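Hello,

Here is the structure I promised to pass on to you. Please open it next to this email, and my notes on what turned up will follow below.

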Amino acid sequence: MRTRVIAVVLTAFAVAAAPAGAATFRATLHAPNHTPKAGTKTWIIRVTATTPSGKPLRATAVYQFFFRGRKVSTQYPNPFKPTGSGHHPWAFTGSYRDQILWPKRAVGFPLTFRVVVKVAGRGTRNLDWKVTVHQ
């Protein structure tokens with residue numbers, strides 16, 4: 001009887017010790033480089049969301065852009081239109097590819113491109129990629 005009570009207490013402690021916002025999935029961002037060219041559709045990214053064992057998950061993605069640690073823009077992906085023009089997070093299963101069209105006004109500024117990936121019931125991952133856009 002005493003052993004059983006201790007096991008229950010230890011199990012409850014282990015569950016409580018896990019961080020509240022810990023995401024239980026893997027998300028990755030694959031980008032060609034850290035120096036995209038402005039005004040071209042050649043910067044193609046791939047975003048994935050899987051279980052730790054590799055099974056594709058249903059997820060959503062949103063893009064955020066940071067300058068010196070401050071968010072300067074939020075964009076909604078639309079892989080069918082490189083200019084974005086979406087109005088809600090992009091829903092995908094497993095992975096998707098998108099062309100990012102960097103504007104000329106971003107040339108020379110050190111930016112952080114962030115993909116926010118959310119999986120219902122599993123949490124959120126922020127995938128950051130440092131970029132400096134060039135001509």
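To start with a small puzzle: does Thr 51 count as buried or exposed, and at what relative accessibility? Please keep in mind as you look that this is a predicted model.

Thr 51 is in the loop between β2 and β3. Despite what one might guess for a loop residue, Thr 51 has a relative accessibility of 8%, and because buried means under 20% relative accessible area, it counts as buried. Once its neighbours within four places in sequence are set aside, the residues in contact with Thr 51 are Arg 26, Leu 57 and Arg 122.

Now to the aromatic residues. Searching the whole structure gives eight aromatic pairs. One of them joins Trp 43 and Phe 113: the ring centres are 5.7 Å apart and the planes stand at 80°, so this pair is edge-to-face. It links distant parts of the chain, with Trp 43 in strand β2 (residues 43-50) and Phe 113 in strand β7 (residues 110-119), 70 residues apart. Trp 43 and Phe 113 are both buried.

Another edge-to-face pair is made by Phe 65 and Trp 102, at 5.5 Å from centre to centre and with 90° between the planes. Phe 65 belongs to strand β3 (residues 58-67), while Trp 102 is in the loop between β6 (95-100) and β7, so this pair ties together parts that are 37 residues apart in sequence. Phe 65 and Trp 102 are buried as well. These four residues, together with Tyr 63, form one aromatic cluster.

There is also a charge to look at beside a ring: the charged end of Arg 125 sits over the ring of Phe 25, 5.6 Å from the ring centre.

How many salt bridges does a search of the whole structure find? The answer is one. In it, the side chains of Asp 128 and Arg 114 meet at 2.6 Å, N to O. Asp 128 is in strand β8 (residues 123-132) and Arg 114 in strand β7, so the salt bridge ties together parts that are 14 residues apart in sequence. As for exposure, Asp 128 has a relative accessible area of 41% and is partly exposed, whereas Arg 114, at 18% relative accessibility, counts as buried.

Finally, the strands. An open sheet of three strands runs in the order β1-β2-β6, with antiparallel pairing. β1 (26-30) and β6 are the edge strands: each has a single partner strand, so one side of each is left without a neighbour in the sheet. On average, and with direction ignored, neighbouring strands of this sheet are turned by 15° against each other. In general, the strands of a sheet pair through backbone hydrogen bonds, either parallel or antiparallel.

Here, β1 and β2 are joined by five bridges, and β2 and β6 by six. If you would like a residue to click on in each pairing, Leu 29 has Val 47 in β2 as its bridge partner, and Arg 46 stands opposite Arg 97 in β6. Which residues make up the covered face of β1, and which the uncovered one? Ala 27 and Leu 29 form the covered face, while Arg 26, Thr 28 and His 30 form the uncovered face.

Enjoy exploring the model!

Best wishes

Terms used
Residues are numbered from 1 along each chain as its sequence is written. Side-chain values use heavy atoms; hydrogens and water are left out. Rings of Phe, Tyr and Trp (its six-membered ring) pair if their centres lie within 6.5 Å; planes under 30 degrees apart count as stacked, over 60 as edge-to-face and the rest as tilted. Helices (H or I, at least four residues) and strands (E, at least two) are DSSP runs, numbered from the N terminus. Buried means under 20% relative accessible area, exposed over 50%, partly exposed in between (1.4 Å probe, protein chains only). A charge sits over a ring if NZ of Lys or CZ of Arg is within 6 Å of the ring centre and within 35 degrees of the ring normal. A salt bridge is a side-chain nitrogen of Lys or Arg within 4 Å of a carboxyl oxygen of Asp or Glu. Contact means heavy atoms within 4.5 Å. Two strands pair if DSSP finds at least two bridges between them. Axes are lines fitted to C-alpha atoms, for helices over the stretch in contact, and angles run from 0 to 180 degrees between N-to-C directions.
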